[in-house]
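This report walks through a few local features of one model, taking a ligand site, a helix contact and some backbone angles in turn.

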Amino acid sequence: MKENLTPDAVTHTVYLCQVSPNVSCGACCGLYNVADPDPRALEVMLRRRTQWFADVPRTVAGIDAFKARVEGIEPQERPFPDFHHCPFLGMIEDTGRRVGCLLHPLAPGNHGLDWRGLSYYGGMACRTYFCPSVRHLPVRWMTAVRQSMDHWYLHGLIVTERRLLSAFFKELENRIGRPVNESDFSDGSDTALLFRTFATLKLNWPFRRKGAPGVCNYFFEDGQYLRPAVGKTADGIPASSFETIFRELDSGFSSTREIHDAAERIEDIFRRIEGFLSARNPEDGHPVGHKAGMPST
Ligand code: SF4
Ligand code: SF4
């Protein structure tokens, strides 16, 4: 939910907070830390807030009253009770539709005034915070994420998954024998689609352990709410080469058969991405044998 990086940071990071008309992120504002994080429920919630906020006088009292109204009708039970969920997250609707900050100076009705100082974290934090993924993951991986996403909901869910993304891209680069590059996950490509298939596992992973918190990720590195090791409720379930991916998907297995099925799902995605990438020239992203300037057949 930030409008700008510092000039120095721009050269070392990829901007993932606002990406395109339908892709943005509100994860660090607690977007998914709600009782019902289903995409339809979140969309209804965000659009309702935006509609209400349109009539709110831009005064301290008016904005405080809006906050009280929102918190009065929305369930306040949260998967992570100590992770603040901001009531000022709403929906930006212009040429697309994406999550956004109602207090931002560019939000409709604010006439350039920044009201984020009224939020729980305060204006400075809202303007300058960047999550561990943005700060630490290589630009080439974050570029692949940015190019692959086509909807705010999945984008915000996967962006903060620093360890999951790291395990994914390390495995892929080992397999293809080189770093991924910009052309590997170009907009609309099969590989971008497969990356979204991988990210979607966070939503529909059938091996999620009992008692796992759901899709929301507590990514602040303060030692709270650490993800446990992969749950194994029977003797003899072997370790997997996808152990990190399984842990980051909050997995639990009750049999060797289950962990093999889970590994096969992940393996299938890697196999297919590898197939597409190995058929391309890593220099220019075109199919191997294609000459620059000539249409591919
Ligand atoms: S979680 Fe990261 S990418 Fe998402 S809005 Fe916050 S800083 Fe930006
Ligand atoms: S006020 Fe701050 S925490 Fe709330 S939505 Fe805006 S940027 Fe996020």
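Which residues are the closest to ligand 1? In this predicted model, 12 residues surround ligand 1, and the closest are C17, C25, A27, C28 and C131. Sorted by class, the shell around ligand 1 holds 10 nonpolar and 2 polar residues, with no charged residue among them.

Elsewhere, a helix pair can be described. The axes of helix α6 (residues 139-148) and helix α9 (residues 190-204) come within 9 Å and cross at roughly 95°, and α6 is therefore roughly perpendicular to α9. On the α6 side the contact is made by A144, Q147 and S148, while α9 contributes A192, F195 and R196. By class, this contact of α6 with α9 has 3 nonpolar, 2 polar and 1 charged residues.

The backbone angles come next. Phi of H111 is near 50°, a positive value in a residue other than glycine, and the same description, with phi near 50°, applies to Y225. H111 is found in the loop between β4 (97-101) and α4 (123-128), whereas Y225 is found in the loop between α9 and β5 (231-232).

| Residue | Phi | C-beta neighbours inside 10 Å |
|---|---|---|
| H111 | near 50° | 9 neighbours |
| Y225 | near 50° | 16 neighbours |

Are these two residues buried or exposed? H111 counts as exposed because it has 9 C-beta neighbours inside 10 Å, and Y225, with 16 such neighbours, counts as partly exposed.

Note on methods:
Residues are numbered from 1 along each chain as its sequence is written. Chains are lettered from A and ligands numbered from 1 in the order in which they are written. This is a predicted model: local features need pLDDT of at least 70, side-chain atom pairs count only at pLDDT 80 or more; totals for chains, interfaces and linings use all residues. A residue is near a molecule or strand if its C-beta atom, placed from the backbone, lies within 6 Å of it. Ala, Val, Leu, Ile, Met, Phe, Trp, Tyr, Cys and Pro count as nonpolar, Asp, Glu, Lys and Arg as charged, and the others, Gly among them, as polar. Axes are lines fitted to C-alpha atoms, for helices over the stretch in contact, and angles run from 0 to 180 degrees between N-to-C directions. Helices (H or I, at least four residues) and strands (E, at least two) are DSSP runs, numbered from the N terminus. Angles under 35 degrees count as roughly parallel, over 145 as roughly antiparallel, 65 to 115 as roughly perpendicular and the rest as oblique. Two residues are in contact if their C-beta atoms, placed from the backbone, lie within 7 Å. A residue is buried if 20 or more other C-beta atoms lie within 10 Å of its own, exposed if 12 or fewer, and partly exposed in between; C-beta atoms are placed from the backbone.
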